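Trainee: Please take one part of this model and go through it closely. I would like the residue contacts set beside the interface they belong to.

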Amino acid sequence: MEAPETFTSGIGQCRVSDLLVVDRVSRFFGGLAAVAGVSLHVDKGELVGLIGPNGAGKTTVFNLLTGVYAPNEGDISFMGRRLNGMRPSRVAASGIARTFQNIRLFPSLTVLQNVMVGAHIRARTGLMAAIAQSLGQRSEDARLRGECLSILERLDLDGLADEQSTSLPYGQQRRLEIARALATSPRLLLLDEPAAGMNPQEKADLMVLIQRLREDYDLTILLIEHDMRLVMGICERIYVLDYGQIIAEGNPEEISTNPEVIAAYLGTEVV
Amino acid sequence: MAPWLIKRILGLCGGAGCLAALSILLSRNLETYYYLVLIQCGIAATLAVSLNLINGITGQFSIGHAGFYAVGAYVGAAWTVLWRPVLAHHLSFLEIGVPQGDILNLLIALVFGACAAGITGLIVGAPSLRLRGDYLAILTLGFGEVIRVILLNVDAVGGARGLSGIPTLVSSGDLAAFWVFGSLCLVTLLTRNLMQSSRGLSWLAVREDEIAAEAMGVDTTRVKVTAFVIGSMFAGAAGVLYAHFFTGISPDIFGMDVSIMITTMVVLAGTGSATGAILAGFVLTALPEVFRFLKDYRMLIFSVTLIVIMLTRPQGFLGNRELGFGTFARLWKRLRRSPAVSGNAE
């Protein structure tokens, strides 16, 4: 028997290949609709970009996806489960990890410890085991530490494991945020402006890195980015957000020639 | 039983034995005045390390710790002074004996006191730990005062007079130092073990950045409430020990000044350093005694000393480091090396 093409989730019919489905989601702040009726979907294994002018609501979309805000309207489903109203830690446990636009590392922890916090989500032993330092807990911690070191190695941060996280240069801090997110072993990785503040060489390296990580960890990636060269270079599909609404969707060529997108970015001529 | 567990239990028993021997030695040879100061230092250090779990490690600024200290002291004392005689009276009809023996009774009081403080911690913490920074500080400060005022007005526990004539269960068998420093060691060991695990890192993550911790799958509310309850339980245990050592308690012993003092110890210790908290507990309890010769001026000088310490070491005594055998070993090495270096220079 063939596997079914569609299944019924909390928000109706979904395709099996859909990892993330956002259905007409809105979020209001006072009278302002930061996100107004946004629908999008991300298929398994895709690399999707979310672009738009400043203040378009891109980060709000990320905050809705990760449970920082609950949507006022609409539904979000991930692997067939509804995420609405779930607290961020539960969303992370269900397989969505993110990085932050303004880097949010744990400042006084070391590089390795930062990543270990991400890996902690997979720890099975409880608080009492940690207090008693049980054998099971210590072997589990040793295993997690090994996994974290191998993640650091993939991101070329392995020599810096014992450095304080905030002592790293900017580009490495961004990579450390990705490492920390990867340690939660996510299915979907949300990158919020990963190239912000990087020089052209670092950006080029980042493009290679994102594609390599996607293959190595079998990831699906949704990224917000302002750098058009990066977005057009690696994304397979792009959504354009403006004033809280999706104004265009398509592959890089379609997007770069879409008149509405150009108008949103450059403004229309006033006649 | 698993071999590691047997090793842990043997280690604890060995440590307890050494501590008991030391305790008997101290109690028989130390002058009473110094002995009393030592016990007070131990209790203060226990309070500081327990608050360190809340303030230092999970970063929740609580300044009502004396409230939990009071709950523990009163519930523990209520057991030995009020409830146990009543229970004994009822049980005598059934010809069942009430628990006898000082150590057993102290253990029961400790369990009662710690659990009562822990439950109070849960009731106060669960709703209030959603607040941040100054709001939480104000709320915990208010809670400490509420407890004090309640105790002041409940006649069953003596009102303003407080409870007196509490049996000195702690001193029985010259074991006072054993109980006080045993609980100090227990809470320090708990902190240390936790901080060496990945779970402990997730607690630190809550202090460092709550939003990022939550995004990494740390249930921040749960971590905060757990830390709050464990910290409260040890404060309660310290209260029980205080009551059964000094034989009398009254609401004014658990005032806001005590809360502020414990918080000062944690701040002075450095962020999250348990050994620093012990050091601060000892220093801040012993300093007013050291300055006793200054008579009326001693608290003035004490305050000035605190200001000077904070100005010269704003990161606290130990910063975020911990004292351990390794620290002493390094210090020793450096001390031994330095004369040799100066010798070469000549």
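Mentor: B:Asn193 touches A:Ala130, A:Ile131, A:Ala132 and A:Gln133, leaving out residues up to four places away in sequence. The model is a predicted one, and every value below is computed from it. B:Asn193 sits in helix α6 of chain B, which spans residues 176–195. Its relative accessibility is 7%, so B:Asn193 counts as buried. The side chain of B:Asn193 is also joined to that of B:Arg192 by a polar contact of 2.9 Å.

One of the residues that B:Asn193 touches, A:Gln133, has an unusual backbone angle to look at. Most residues other than glycine have a negative phi. A:Gln133 is not a glycine, yet its phi is positive, at about 50°. This residue lies in the loop between α4 (127–132) and α5 (135–154) of chain A. With a relative accessible area of 12%, under the 20% limit, A:Gln133 is buried.

Helix α5 of chain A, on one side of that loop, also holds A:Gln137. A:Gln137 is buried as well, because its relative accessibility is 3%. Not counting residues up to four places away in sequence, A:Gln137 touches A:Thr125, A:Ala129 and A:Ala130 in chain A, and B:Ser197 and B:Ser198 in chain B. A:Ala130 is thus in contact with A:Gln137 and with B:Asn193. The side chain of A:Gln137 makes a polar contact of 2.8 Å with the side chain of A:Asp141.

These contacts belong to the interface of the two chains. Across it, 35 residues of chain A are in contact with 31 residues of chain B. The size of an interface is often given as the accessible area lost when the parts come together. For chain A and chain B the buried area is about 2,900 Å², with 61% of it on carbon and sulfur atoms. The polar side of the count is 14 residue pairs in polar contact, both residues of each pair being at pLDDT 80 or more. On the side of chain A that touches chain B, two or more residues come from each of α2, α3 (111–119), α4, α5 and α6 of chain A. The largest share of that side, 5 residues, is from α5(A). There are 3 salt bridges between the chains. A salt bridge joins the side chains of A:Arg87 and B:Glu214, with 2.8 Å from N to O.

Chain A also has an interface within itself. It is divided into domain 1 (1–95 + 187–271) and domain 2 (107–185). The centres of these domains, taken over C-alpha atoms, are 27 Å apart. Their contact takes 19 residues from domain 1 of chain A and 12 residues from domain 2 of chain A. About 1,200 Å² is buried between the two domains, and carbon and sulfur atoms give 68% of that area. The domains share 1 salt bridge. A:Arg154 forms a salt bridge with A:Asp216, where the closest N and O atoms are 3.2 Å apart. There are 3 residue pairs in polar contact across this interface, both residues at pLDDT 80 or more. On the side of domain 1 of chain A that touches domain 2 of chain A, α2 (88–93), β9 (188–192) and α7 (200–216) of chain A each supply at least two residues. Of these, α7(A) gives the most to that side, with 6 residues.

A second positive phi is found at A:Ser185, which is not a glycine and has a value near 45°. A:Ser185 is in the loop between α6 (170–182) and β9 of chain A. Its relative accessible area is 41%, so A:Ser185 is partly exposed. A:Gln133, by contrast, is buried.

That leaves the nonpolar packing. The largest nonpolar core has 148 residues, and A:Leu152, A:Leu176, A:Leu189, A:Leu223 and B:Ile249 touch the most other members. Helix α9 of chain B (residues 220–246) supplies the largest share of this core, 15 residues. The core also draws at least three residues from each of domain 1 and domain 2 of chain A. Leaving aside neighbours within four places in sequence, A:Leu189 is in contact with residues including A:Ala97, A:Ile178, A:Ala181, A:Leu182 and A:Leu219. A second, separate core of 27 residues has A:Val22, A:Val25, A:Met86 and A:Ile224 among its members.

Conventions
Residues numbered from 1 in each chain as written. Chains lettered and ligands numbered in written order. Predicted model: local features only at pLDDT ≥ 70, side-chain atom pairs only at ≥ 80, totals over all residues. Heavy atoms only, no water. Core = buried A, V, L, I, M, F, W, Y, C linked by side-chain atoms within 4.5 Å. Buried < 20%, exposed > 50% of the residue type's maximum accessible area, 1.4 Å probe, protein only. Helix = DSSP H or I, 4+ residues; strand = E, 2+ residues; numbered from the N terminus. Domains from an automatic or database assignment. Contact = heavy atoms within 4.5 Å. Buried area = accessible area lost by both parts, 1.4 Å probe. Salt bridge = Lys/Arg side-chain N within 4 Å of Asp/Glu carboxyl O. Polar contact = N/O pair within 3.5 Å; in protein donor to acceptor, adjacent residues only side chain to side chain.
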